[in-house]
Each structure stands twice: as structure tokens, then as C-alpha cells.
Amino acid sequence: MLDDYYAIDQSELPVRKNSDLYYAKWGNIIEPIDLNNPIELESDKMGFVIVGFKCDKGVYINHGRAGALEGPEVIRQRLKRLPWHLGSHVRIFDAGDIEGVNRSLTDLQKSLSVVVERIVSLGLFPIVLGGGHETTFGHYMGHMNALTNPKETIAALNIDAHFDLREYDKTGPNSGTGFRQLYDLNSEKGLPFHYYVLGIQEHANQMHLFDYVAKHNTLKFMTGRELYTKGLSYVYRQIDAFIEQVDHVYLTIDMDCFSMGVAPGVSAIQPIGLDPQAVVAILQYIASKNKLLGFDIVEVAPAYDVDFHTSTLAATLIFYLTQVIYQTKQKYKEL
């Protein structure tokens, strides 16, 4: 049995309707799946698996606004309302959640890694709903453990206002240390850690973090201001140069990359941030490179949201990302 794993309550999901896809919404398509049980899949269909990481212990330790553990459920509810555009050759499963009020952050991250590894072993594509940005360490570890060739490289692409490269203190790992943990994990295995964060806000990061990045040539960033002034063509060229160096890409989206006017329900609000239209274009461009292993969306804190602005935006990002992921997989399958 998988630790800290709770399968979705099947009574919460409607029966799948195949006959009216033109009128269907995601809520009509999502199917329950229990990762503890044997699973039969159709080889001619692509499958996405939603799993929630109901944990914001790292946010609390990092002195952020707690509440992101409620993010997975609210994102699910907003996603179910969106129209279904992926036809009959894609299946969407909901595998339930990782959670454990009395478990440590390290325990929950390990449990998430095992669940992600299980999803990948089934040939399915994981979509992880955080939770705080401590989600990153468990999600990435799951992909690393699933590699058939341990020498293959996995880059981390982060859409975020923060580096999340902080040093550990006496309280241990938190939502701001995830990518420092990944750097150390790769170093222990003798592998480079390729990391690119898009959307950095200078007012939200201390100078020692810029200094740390400057001293490590596999760590890259682009500020939100650069993304705004230099335009998408420039961003795409930088992404191309970065992705060419690696075998695979793990993608994470911190909803605090957007301004508080667009995304008020996050752990750390931003007075300025990225344009959602630009972010959608960037995400779809990343997906078109055919190197994505999985993605997560983190830091949605419903208690601070206004009229579901943040959770609806998170669901909308999933809507547009899955379209290009599926189209790209089909394209490369036919080549």
C-alpha cells in the first residue's frame, strides 16, 4: 500500500459519458483511479493523472500564508467546469491525494515521489496539484526514480516570482528550499542540476540568492521585467537553449508569479507579476518541445482568494497545457 495516499471517493465523480463529447465538460470525463490496485489501460489513448499534494507545512515553516493544502480540491472543482476539447483519445484520471496532518514534510515528499513513480510506470502523465512549493521535491524525485537510465538529466523549469533556493536552517526544508534540495540531490548522484526560473521579481528575493545563482552555471533566471520588455521571441530562444542541454523537463508553476490583482489567493502575494496570456503562450511552447515528464501547480490558497480568481486561473492553465502536451505526443508518435 502507498503511504499517505488516499484514492478519490468514486461517488464524487460522475459516470463517464462518451456519446456527447461536444457538450462535455471535464467533470464528465474525469475517471477515478486507485493506484494501489491493478490498472488496465488502453494502449491507443493518452492518459493524464491528477493527484493532489495536500500539504503546506513548508509554507508554514517558511512564514508564508498557510492554506495551500486546500488548493487541490478547489482547483479540481474549477477544472470540472471547463469544456472538454480533447476528444475520445485522451483519458483523465483522478488518483486522489497525498496527505498526512501528523506526518513530517519529508515523509509526505517521499510519499509523493512514490506515487509519481507509480504513475509514470503505468505510462501516464502526472499533473500534481499543490500544496505549497514543497511539492517540487517529491514530484521531481518521483521522475528521477522512474528513469530507466539514471544518467539522464531532468531540468527544472519554474514559473515563479521566487528562486526557492534558500539554505536549510534549523527548521529543515520548507517551501523556499525545494530547488536547493534538488541541486544537492543531483550533486550527490554526480549529475548537473539544470534549473531555469522565469518571472523572478527583484523586490521578492534577497541578494544572496542572486549571488548563489551567479556562482552556479547550470542555474538560470529571467526577471518578470525582462520577460515583459524583451518579448516572447526572446523568451522562446532562451528556453530553446536551455532545453537543448537536457533529456527531460519537469515543469512547475507557482501561482504567485501573477500579480495579486489576477491571483490574490496565494501564499505570498505579488504587487506586480506576469501576464496570464504570456504565461499560457510560454507553457504551451515548453510543452511543444516533447520533453515534459510532468507538471504541477502550487501555492493556491483558497482562503485568501476572491471569487475563485486564482483557482480558476490554475485550472485554465491545465486546460491549455494538456492540449499541447497531447498534440505534441501525437505528432511525435506519427513521425
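In this predicted model, aspartate 164 lies in the loop that runs between β6 (154-159) and α6 (178-188). Aspartate 164 is buried but forms no salt bridge. The nearest side chain of opposite charge belongs to arginine 166, 5.8 Å away. A salt bridge requires a nitrogen-to-oxygen distance within 4 Å. The side chain of aspartate 164 instead makes a polar contact of 3.0 Å with that of histidine 133. Beyond four places in sequence, the contacts of aspartate 164 are His133, Ser175, Gly176, Thr177, Gly178, Phe179, Arg180 and Asp254.

Nonpolar side chains in soluble globular proteins tend to be buried together. The largest nonpolar core here has 61 residues. Leu251, Met255 and Leu317 touch the most other members. Helix α10 (residues 309-334) supplies the largest share of this core, with ten residues. A second core is separate and holds 23 residues, among them Met144, Phe163, Leu165 and Leu219.

Methionine 255 has a broad set of partners outside its neighbours within four places in sequence, as follows. It is in contact with Ala263, Val266, Ile297, Val298 and Val300. Thr310, Leu313, Ala314 and Leu317 are also in contact with methionine 255.

Helix α3 (residues 71-80) is largely enclosed by the rest of the structure, because eight of its ten residues are buried. These are Gly71, Pro72, Val74, Ile75, Arg76, Arg78, Leu79 and Lys80. The buried residues of α3 pack against two helices, α1 (26-29) and α10. They also pack against the strands β3 (46-54), β4 (90-99) and β5 (125-130).

Key. Residues numbered from 1 in each chain as written. Predicted model: local features only at pLDDT ≥ 70, side-chain atom pairs only at ≥ 80, totals over all residues. Heavy atoms only, no water. Core = buried A, V, L, I, M, F, W, Y, C linked by side-chain atoms within 4.5 Å. Buried < 20%, exposed > 50% of the residue type's maximum accessible area, 1.4 Å probe, protein only. Helix = DSSP H or I, 4+ residues; strand = E, 2+ residues; numbered from the N terminus. Contact = heavy atoms within 4.5 Å. Lys, Arg positive; Asp, Glu negative; His and termini not counted. Polar contact = N/O pair within 3.5 Å; in protein donor to acceptor, adjacent residues only side chain to side chain.
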